[in-house]
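Work through the exercises below with the sequence and the structure side by side. Try each task before reading its solution.

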Amino acid sequence: MALEITDITKVFGEQTAVDSININVPSGSMYGFLGGNGAGKTTTFRMILKLLTPTSGSILYNGEAIGYHLTDKIGYLPEERGLHPKLKVSEQVLYLAELKGMSKKEANKSLDYWLDRFKVTENKHKKIEKLSKGNQQKIQLIASIIHNPELIILDEPFSGLDPINVEMLKDAVKDLNSQGSTIIFSTHRMEHVEELCEELCILDRGRQIVSGNIDQIKRDFGQKEVIIEGEHDISFIKDMPGVLDMKQVRNKYIIKIAEEKYAEDIYNRITDIGFFKKFQVNEPSLNDIFIAKVGRDYE
Ligand SMILES: Nc1ncnc2c1ncn2[C@@H]1O[C@H](COP(=O)(O)OP(=O)(O)OP(=O)(O)O)[C@@H](O)[C@H]1O
């Protein structure tokens with residue numbers, strides 16, 4: 001395990017921002033922290049990075065506490081984007097890269113690569129304050145990954161960007177992960193986690209709702225979704241055993257079942273009726289899991 005978070009809690013005055021969280025982040029994984037406003041994502045990241053001291057609990061990285069000796073191995077994109085507005089892009093990023101132990105030459109080469117990749121090369125010698133918000137975010141991301149860290153922690157890396165830039169940054173994050181970096185990122189968007197991660201933790205108001213391998217979580221959850229498309233009336237299905245919910249949109253039926261075995265019963269009943277264009281069994285969505293555990297919709 002790269003990161004072992006055991007029973008951490010953070011209390012601010014009256015408020016418990018993070019409540020007894022247990023998380024294991026495997027080495028080389030892409031790990032998503034999913035949660036809405038105030039869920040406790042940023043507070044957890046700050047504790048991992050030792051910017052905040054947990055009220056209780058422990059956090060180990062490769063079996064040891066994170067400290068200054070690991071600075072060169074970790075990259076962090078903070079939620080409060082903190083670039084110096086009056087500095088030029090190159091001055092700012094090269095300075096930070098040198099603090100992380102890179103030579104100027106090496107850092108400059110890497111900076112050129114990332115500026116080109118993020119299509120912002122023309123900004124290299126501009127002051128940060130002259131850049132758009134989205135481009136400032138790209139520069140800040142470059143500053144956090146330029147030294148090729150083995151652990152990358154990104155707080156809301158995709159927020160505030162247009163869809164084209166979100167895709168560009170997602171591709172970069174995927175590449176860094178496939179080259180071996182362990183990546184942890186936070187987001188309030190379920191689809192980012194569904195698309196990018198094999199591991200996740202869902203936080204809600206400081207509580208850990210679920211965590212671990214996403215496929216495993218979905219398998220263990222049990223509930224499935226059956227999609228049927230066809231012209232026949234099959235509304236009787238809603239009264240069959242194991243059927244939790246059924247919705248109809250024109251000739252498409254979306255049926256929630258308690259366990260996969262009920263799909264076979266449904267299949268047997270409808271094949272007696274006639275032809276159907278589609279019969280498909282899907283894994284539950286993260287939203288289904290969230291609703292079942294928390295008792296309300298995710299957003
Ligand atoms: N320094 C602090 N002092 C007091 N309360 C704090 C402090 N930092 C965070 N909190 C509170 O802890 C809770 C969790 O905040 P946190 O920033 O970790 O959430 P988050 O999941 O990152 O959400 P967001 O996406 O809104 O930033 C919030 O209710 C917040 O108000």
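The exercises that follow concern a predicted model, and each is solved step by step.

**Exercise 1. Domains**

Task: Find which domains the assignment gives, and state what distance separates their centres.

Solution: Begin with the bounds, which come from the domain assignment of the protein: domain 1 covers 3–218 and domain 2 covers 223–283. Then take the centres over C-alpha atoms, and the separation between domain 1 and domain 2 comes to 42 Å.

**Exercise 2. Strand β6 and its partners**

Task: Decide whether the faces of strand β6 are covered or uncovered, and then work out which strands β6 pairs with and in which sense.

Solution: Step one is to read the strand, residues 151–154, face by face: L151 and I153 lie on one side, I152 and L154 lie on the other, and all of these are buried, so that both faces are covered. Step two is to look at the pairing with strand β5, residues 74–77, where four bridges join β5 and β6 in the parallel sense, and where Y76 is the residue that stands opposite I153. Step three is to turn to strand β7, residues 182–187, which runs parallel to β6 and is joined to β6 by four bridges; here the bridge partner of I153 is I184. Step four is to follow the chain through helix α5, residues 163–178, since β6, α5 and β7 together make a β-α-β unit that is right-handed.

**Exercise 3. The shell around the ligand**

Task: List the residues that surround the ligand, sort them by class, and find which element gives the largest share.

Solution: First collect the residues, which are F12, Q15, A17, G35, N37, G38, A39, G40, K41, T42, T43 and E79. Next ask which elements give two or more residues to this shell, and the result is β2 (15–25) and α1 (41–48). Of the shares, that of α1 is the largest, with three residues. Sorting by class then gives three nonpolar, seven polar and two charged residues.

As a last step, consider T43, a shell residue that has its place in helix α1. T43 counts as buried because 21 C-beta neighbours lie inside 10 Å, where the cut-off for a buried residue is 20 or more. Between T43 and Y31 there are 16 Å in space, C-alpha to C-alpha, for a separation of twelve residues in sequence.

**Exercise 4. Positive phi outside glycine**

Task: Describe where K119 and N148 lie, and explain why each counts as partly exposed.

Solution: Start with the background, which is that most residues other than glycine have a negative phi. K119 is not a glycine, yet its phi is positive, at about 55°, and K119 is placed in the loop between α3 (104–117) and α4 (133–145). Because K119 has 13 C-beta neighbours inside 10 Å, it counts as partly exposed. N148 likewise takes a positive phi, near 55°, without being a glycine, and N148 belongs to the loop between α4 and β6. With 17 C-beta neighbours inside 10 Å, N148 therefore counts as partly exposed.

**Exercise 5. The open sheet of four strands**

Task: Give the strand order of the open sheet, identify its edge strands, and then examine the pairing and the faces of β12.

Solution: The order of the four strands is β11-β12-β10-β13, and their pairing is antiparallel. The edge strands are β11 (243–249) and β13 (278–282), each of which pairs on one side only. Neighbouring strands in this sheet are turned against each other by 15° on average, with direction ignored.

Now examine β12, residues 252–257, which pairs with β11 over six bridges in the antiparallel sense. Along this pairing V249 stands opposite K252, and D245 has K256 as its bridge partner. Two residues lie between the strands in the hairpin of β11 and β12, where R250 takes a positive phi near 45°. Strand β10, residues 224–229, also pairs with β12 in the antiparallel sense over six bridges, and V226 has I255 as its bridge partner there. Finally compare the faces of β12: Y253, I255 and I257 form the covered face, whereas K252, I254 and K256 form the uncovered one.

How values were computed
Residues are numbered from 1 along each chain as its sequence is written. This is a predicted model: local features need pLDDT of at least 70, side-chain atom pairs count only at pLDDT 80 or more; totals for chains, interfaces and linings use all residues. A residue is buried if 20 or more other C-beta atoms lie within 10 Å of its own, exposed if 12 or fewer, and partly exposed in between; C-beta atoms are placed from the backbone. Two strands pair if DSSP finds at least two bridges between them. A crossover is right-handed if, with the strands pointing away from the viewer, the path from the first strand over the helix to the second runs clockwise. A residue is near a molecule or strand if its C-beta atom, placed from the backbone, lies within 6 Å of it. Ala, Val, Leu, Ile, Met, Phe, Trp, Tyr, Cys and Pro count as nonpolar, Asp, Glu, Lys and Arg as charged, and the others, Gly among them, as polar. Domain bounds come from an automatic or database domain assignment. Axes are lines fitted to C-alpha atoms, for helices over the stretch in contact, and angles run from 0 to 180 degrees between N-to-C directions.
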